[in-house]
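Please find below some notes for a colleague who has not looked at this structure before. They are meant to be read with the model open.

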Amino acid sequence: MAETNRISVYEALGSGTVADTLLWRNCYGRFVLFIGSTVLWLLFERAGYSFLAFVANSLLLLVVILFFWAKSASLLNRPLPPIPDLDISEESVIVAADEMRVWVNSALATLHEIAVDENLRTLILAAFGLWLVSYIGSLFNFLTLIYIGVLFSLSVPFLYEKFQAQVDEKLIFVHKNMSTVFKKVDLILEKIPMSQKKQKKTD
C-alpha cells in the first residue's frame, strides 16, 4: 500500500531537464553545474576575486570576441555570430510579479500583525525564524551557503530516490515525534494572547 502511494521523485521535480540533472540522468548538465559552481566558489571565496570585476571582465571579453567575430565574418564571408533576440516576454514579467506580490503581501501581513495588532505569537515565531537565519548566516557567508545549496541539490534528490523506502520510514517516525512536540508548543502559544489591543477592547 505504501509502495502505491509513494510519489515519484522524478515527477515531483517536474519530469524535465531539472529533474534529469538533479537525479544524475543528465550527466552533462550535472557535470556543468557542479564544475561551474565549484569554479565560481573557488574564484570568489578562495582567490578573493571581486564579483563586479568578474562580471565586467567577462562582458568585456565577450564584447571583444563578438566584435572581432563580426568583423572577420564580413571580411571572410562567414556567418555572423549566432546571437538570439534577447527579449523578456510580458507574460514572464507578470508571472514573476505575481509571485513576488504573494511574498511581499505575506511579509506585510506578518508585519501588520506584529506592529498594529500586537500579536505576541507572531512576534515570537518571526523572531525565532530571523534568529535561525542569522545563526546560519554567521556560520557561512552568502556565497558559501549558495554553494552548499547546490551540492545538496545535486546529492539529496539522487540519494533519496535510491533509498526512498528507508528514508520514508525514518521520516514518518520523525514526523510523528515532531507532531507531538508541535502540539505541545501550540498549547503553550495558545496561552499567549493573540492581540493585546483586542484584549483591551474586550476588557
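The numbered points below go from the whole chain to single residues.

1. Overall make-up. This is a predicted model. The protein chain has 10 helices and zero strands, so along the sequence the pattern reads α-α-α-α-α-α-α-α-α-α. The chain holds 203 residues, and 13% of them are buried. About 16400 Å² of the chain's surface is accessible, and carbon and sulfur atoms account for 70% of that. Among contacts with a separation of 6 or more, 58% join residues 24 or more positions apart.

2. Annotated spans. An unreviewed UniProt entry carries the annotation "transmembrane region" for residues 28-44, 51-70 and 139-160. In the model, residues 28-44 are 100% helix and 0% strand, and the C-alpha atoms at the two ends of that span are 24 Å apart. Residues 139-160 are 91% helix and 0% strand, with end C-alpha atoms 26 Å apart. The annotation itself comes from the record, while the helix content of residues 28-44 is computed from the model.

3. A serine within the first annotated span. Which backbone oxygens does the side chain of Ser37 reach? A polar atom of the Ser37 side chain lies 2.8 Å from the backbone oxygen of Leu33, and the side chain also reaches the backbone oxygen of Phe34 at 3.0 Å. Ser37 belongs to helix α4. Its relative accessibility is 14%, so Ser37 counts as buried, the limit being under 20%. Beyond the residues up to four places away in sequence, Ser37 touches Tyr147 and Val150.

4. The loop before helix α4. Trp24 sits in the loop between α3 (17-22) and α4 (27-46). Its phi is near 65°, a positive value in a residue other than glycine. Most residues other than glycine have a negative phi. Trp24 is partly exposed, at 33% relative accessibility. A reader checking the backbone may wish to look at Trp24, given its positive phi.

5. The salt bridge. How many salt bridges does the count come to? The count is one. The side chains of Glu161 and Arg25 form a salt bridge, with N to O at 2.7 Å. Glu161 lies in helix α8 (residues 142-162) and Arg25 in the loop between α3 and α4, so the pair ties together parts that are 136 residues apart in sequence. In general, side chains of opposite charge can pair when their charged atoms come close. Both partners are partly exposed: Glu161 has a relative accessible area of 25%, and Arg25 has one of 45%.

6. Val9 and its surroundings. Is Val9 buried or exposed? At 9% relative accessibility, Val9 counts as buried. Val9 is located in helix α2 (residues 9-12). Leaving aside neighbours within four places in sequence, Val9 is in contact with Leu23, Pro157, Tyr160, Glu161 and Gln164. One of these contacts, Glu161, is also a partner in the salt bridge with Arg25. Val9 and Phe158 are 149 residues apart in sequence, while their C-alpha atoms are 8.8 Å apart in space.

7. Tyr160, from the other side. Tyr160 lies in helix α8 and is partly exposed, at 26% relative accessibility. The C-alpha atoms of Tyr160 and Val9 are 8.1 Å apart, although 151 residues separate the two in sequence. Besides Val9, Tyr160 touches Val167 and Asp168, not counting residues up to four places away in sequence.

8. A nonpolar patch on the surface. Which residues form the nonpolar patch? The patch consists of Phe128, Trp131, Leu132, Tyr135, Ile136, Leu139, Phe140 and Leu145, and together these have about 770 Å² of accessible area. Helix α7 (residues 120-139) supplies the largest share, six residues. One of the patch residues, Leu132, lies in helix α7 and is partly exposed, with a relative accessible area of 37%.

Note on methods: Residues are numbered from 1 along each chain as its sequence is written. This is a predicted model: local features need pLDDT of at least 70, side-chain atom pairs count only at pLDDT 80 or more; totals for chains, interfaces and linings use all residues. Side-chain values use heavy atoms; hydrogens and water are left out. UniProt positions are given in the numbering used here, feature names are shortened, and annotations may be inferred rather than shown by experiment. Helices (H or I, at least four residues) and strands (E, at least two) are DSSP runs, numbered from the N terminus. Buried means under 20% relative accessible area, exposed over 50%, partly exposed in between (1.4 Å probe, protein chains only). Patches are made of residues with over 30% relative accessible area and no salt bridge: like charges are joined within 9 Å, nonpolar side chains (Val, Leu, Ile, Met, Phe, Trp, Tyr) within 5 Å. Accessible areas come from the Shrake-Rupley method with a 1.4 Å probe; for residues, only the protein chains shown count as cover. A salt bridge is a side-chain nitrogen of Lys or Arg within 4 Å of a carboxyl oxygen of Asp or Glu. A polar contact is a pair of N or O atoms within 3.5 Å; within protein, one must be able to donate a hydrogen and the other to accept it, and residues adjacent in sequence count only if both atoms are side-chain atoms. Contact means heavy atoms within 4.5 Å.
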